[in-house]
Amino acid sequence: MSHLAKDMTPSVTWKEITPGCNIFEGGTSQVVETGDWRTIKPVIDWAKCKQCLLCAPVCPDMSIPVNKEGKREDFDYFFCKGCGICANACPFGAITMVKDEK
């Protein structure tokens, strides 16, 4: 029996989950926290941010929300894994990677 992503708990064994490369349900990224193992995280300096949005499309986890007015918002750490791609893409040095103190 496969469990839905929202029902996953530490008590669910590997025998009960969906086999790799099989899609059991859609929209699981909205219910499964994937940024909980991050050791470093991006922090934005709003004084340096020029709202160029070069960081948003390079984020592999879609952790940089852009609102309806076309302005980037703060990071969504629920999904961010701390890869640093956004910091490397920022031409203004507005994103700094820092130790994630949880």
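## Rings, a core and a surface patch

Let's start with one ring: Phe78 is partly exposed, with a relative accessible area of 31%. Keep in mind that you're looking at a predicted model. The next residue to look at is Phe79, which is buried because its relative accessibility is 16%, and the cut-off for buried is under 20%.

How many aromatic pairs does a search of the whole structure find? The count is two. One of them joins Phe75 and Tyr77, whose ring centres sit 6.0 Å from each other with 35° between the planes, and that makes the pair tilted. Is Phe75 buried or exposed? Phe75 is buried, at 8% relative accessibility, while its partner Tyr77 is partly exposed at 23%. Now back to where we began: Phe78 and Phe79 have ring centres 4.9 Å apart and planes at 90°, so this pair is edge-to-face. The angle settles that label, because planes over 60 degrees apart count as edge-to-face.

Phe75 also leads us inside. Phe75 belongs to the largest nonpolar core, which has 12 residues in all. Among the other members are Ile44, Ala56, Ile64, Ala87 and Ile95, along with several cysteines, including Cys49, Cys55, Cys59, Cys86 and Cys90.

Pick out Ile64 next and check what surrounds it. Leaving aside residues up to four places away in sequence, Ile64 touches Cys55, Ala56, Cys59, Phe75 and Cys86, and also Arg72 and Glu73.

Now for the loop between β1 and α1, where you'll find both Leu53 and Met62. Strand β1 covers 40-44, and helix α1 covers 85-89. What is the sign of phi in Leu53, a residue other than glycine? Phi of Leu53 is positive, near 65°. Met62 has a positive phi as well, near 55°, and Met62 isn't a glycine either. How open are their side chains to the outside? Leu53 is partly exposed, with a relative accessible area of 24%. Met62, on the other hand, is exposed, at 71%. That label fits because exposed means over 50%.

Last stop: the surface. Which residues make a nonpolar surface patch of about 340 Å²? Met8, Trp14 and Ile17 do. Look for Trp14 in the segment before β1. Trp14 counts as exposed because its relative accessible area is 67%, and the cut-off is over 50%. To compare two aromatic residues you've now met, Trp14 is exposed, whereas Phe75 is buried.

Definitions and conventions. Residues are numbered from 1 along each chain as its sequence is written. This is a predicted model: local features need pLDDT of at least 70, side-chain atom pairs count only at pLDDT 80 or more; totals for chains, interfaces and linings use all residues. Side-chain values use heavy atoms; hydrogens and water are left out. Patches are made of residues with over 30% relative accessible area and no salt bridge: like charges are joined within 9 Å, nonpolar side chains (Val, Leu, Ile, Met, Phe, Trp, Tyr) within 5 Å. Accessible areas come from the Shrake-Rupley method with a 1.4 Å probe; for residues, only the protein chains shown count as cover. A salt bridge is a side-chain nitrogen of Lys or Arg within 4 Å of a carboxyl oxygen of Asp or Glu. Helices (H or I, at least four residues) and strands (E, at least two) are DSSP runs, numbered from the N terminus. Buried means under 20% relative accessible area, exposed over 50%, partly exposed in between (1.4 Å probe, protein chains only). A nonpolar core is a set of buried Ala, Val, Leu, Ile, Met, Phe, Trp, Tyr and Cys residues joined through side-chain atoms within 4.5 Å. Contact means heavy atoms within 4.5 Å. Rings of Phe, Tyr and Trp (its six-membered ring) pair if their centres lie within 6.5 Å; planes under 30 degrees apart count as stacked, over 60 as edge-to-face and the rest as tilted.
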